[in-house]
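Biologist: I would like a close look at one residue and its surroundings, followed by the rest of the fold as far as it can be described.

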Amino acid sequence: MSVRTLVVDDSLTMQALIQRTLASDPQIQVVGTASSAEEARARIKELDPDVVTLDIEMPGMNGLDFLERLMRLRPTPVVMLSTLTSEGADASIAALELGAFECFDKLALRRPDEAIRLPALVRAASGSRGRSVAAAPRALDPAPLADYRPRDQSMIAVGASTGGVEALIELLSGFPANCPPTVIVQHMPPSFTASFAARLDRLCKPSVEEARAGAVLRPGKVYLAPGGDQHLEIAGPATRRYCRLLAGPKASGHQPSVDVLFHSVARVAGGDAVGAILTGMGADGAEGMLAMRQAGAVTIGQDESSSVVYGMPAVAHRIGAVVQQMPLRRIAPRLLQECRA
């Protein structure tokens, strides 16, 4: 059964390019196009597409305003298309928080080796139809965390991909200001991670920043791997672990890679660490999480019902890498419990 897709973009040239890219996949059928929010609203009512590709910048009502209304009135899987510059990063992250399935760089449509990712995203987005695609973060009751004290040398490592923006906001909203040092790989374009780290820092009690080479892991700090051509690892002795950024080829199809981070955590922290693998396409992080578990770490996977894409946590569960699967809302308390003094 084909994935019925509506393409929304104010440029007829871009519409044609998107259609041509999607047409390369026999499982996708472009059932219509629209050049404005008003036209898109009418075409969605008429065609009831499985997935919508939506431009952020449009005349009249912009893509973000339209997305907010769509998710409130007629939730539909949406892949946002934009030029992923630093200027557009805040808008793209806002789109992901509103419930967009993923953001895709328009410039990548002109690079065949990268353009093939768009049909894969549309297919994956169709599988999320019918789920709650935009849920407000549920912060924990602060009372149980009032006297929270992490163990010395304990740390948390987290990996996420598609759906991870909302998931990480919810997860970190449950962390106290003195949480164990936490390292995160979230698959994102290079221009996104600084904006996302700043957004998390504003929303959450711990201090959140992009990881820098040599940054020492400290309680109350969260380190987000920068997007680009480097991997994030941890290194150093138990009393002074630090972030290390390493150039190198993609691992498990990604750079930075969750697998690379998790393998380093297994080597350096062993049983001091607690890990979580969250929503995302593919298998990145599964093998690294298995290494963490074998090194003595407690490892948690997000369950299928709360995942936007049950890919990475599904593979981790299948190969025996996770101690337990659970809904996203329960993961923060469990991680903190395992690190409690």
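Where is the place of His-187 in the chain?

Modeller: His-187 sits in the loop between β7 (182-186) and α8 (193-203); helices (H or I, at least four residues) and strands (E, at least two) are DSSP runs, numbered from the N terminus. The model is a predicted one, in which local features need pLDDT of at least 70 and side-chain atom pairs count only at pLDDT 80 or more, while totals for chains, interfaces and linings use all residues. Residues are numbered from 1 along each chain as its sequence is written, and side-chain values use heavy atoms, with hydrogens and water left out.

With a relative accessible area of 11%, His-187 is buried; buried means under 20% relative accessible area, exposed over 50%, and partly exposed in between, for a 1.4 Å probe and protein chains only. Residues up to four places away in sequence not counted, His-187 touches Ala-160, Ser-161, His-254, Pro-256, Val-258, Asp-284 and Met-312. Contact here means heavy atoms within 4.5 Å.

Two of these partners, Ser-161 and Asp-284, share an annotation with His-187: the unreviewed UniProt entry lists the three as "active site". Such positions are given in the numbering used here, feature names are shortened, and annotations may be inferred rather than shown by experiment. The three are spread over 124 residues of sequence but cluster in space, with a largest C-alpha distance of 9.8 Å. From this set, Ser-161 and His-187 belong to the lining of the largest pocket. A pocket is an open set of points on a 1 Å grid over the protein atoms alone, where a 1.4 Å probe fits, with protein on both sides within 12 Å along at least five of seven lines; lining residues have an atom within 4 Å of a point.

Ser-161 is also a loop residue, placed between β6 (155-160) and α7 (164-173). Its relative accessible area is 6%, so Ser-161 is buried. Beyond four places in sequence, Ser-161 is in contact with Gln-186, His-187, Thr-279, Gly-280, Met-281 and Met-312.

Met-312 belongs to helix α11 (residues 312-318) and is buried, with a relative accessible area of 0%. Among its contacts more than four places away in sequence are Ser-161, His-187 and Asp-284, together with Gly-159, Val-258 and Ile-277. The C-alpha atom of Met-312 is separated by 20 Å from that of Ala-295, 17 residues apart along the chain.

Elsewhere in the chain, 5 strands form an open sheet in the order β2-β1-β3-β4-β5, with parallel pairing; two strands pair if DSSP finds at least two bridges between them. β2 (28-34) and β5 are the edge strands, each pairing on one side only. From one strand to the next the twist averages 25°. Strand β1 (residues 3-8) is joined by 4 bridges to strand β3 (residues 51-55), where Val-52 is the bridge partner of Leu-6. Another 4 bridges join β4 (residues 78-82) to β5, and Met-80 has Cys-103 as its partner there.

Helix α2 (residues 37-47) lies across β1, β2 and β3, at about 140° to β2. Helix α3 (residues 63-73) lies across β3 and β4, at about 175° to β4. Axes are lines fitted to C-alpha atoms, for helices over the stretch in contact, and angles run from 0 to 180 degrees between N-to-C directions.

As for confidence, the mean pLDDT of the chain is 92, where pLDDT is the predictor's confidence in each residue, from 0 to 100. Over residues 130-143 pLDDT stays under 50.
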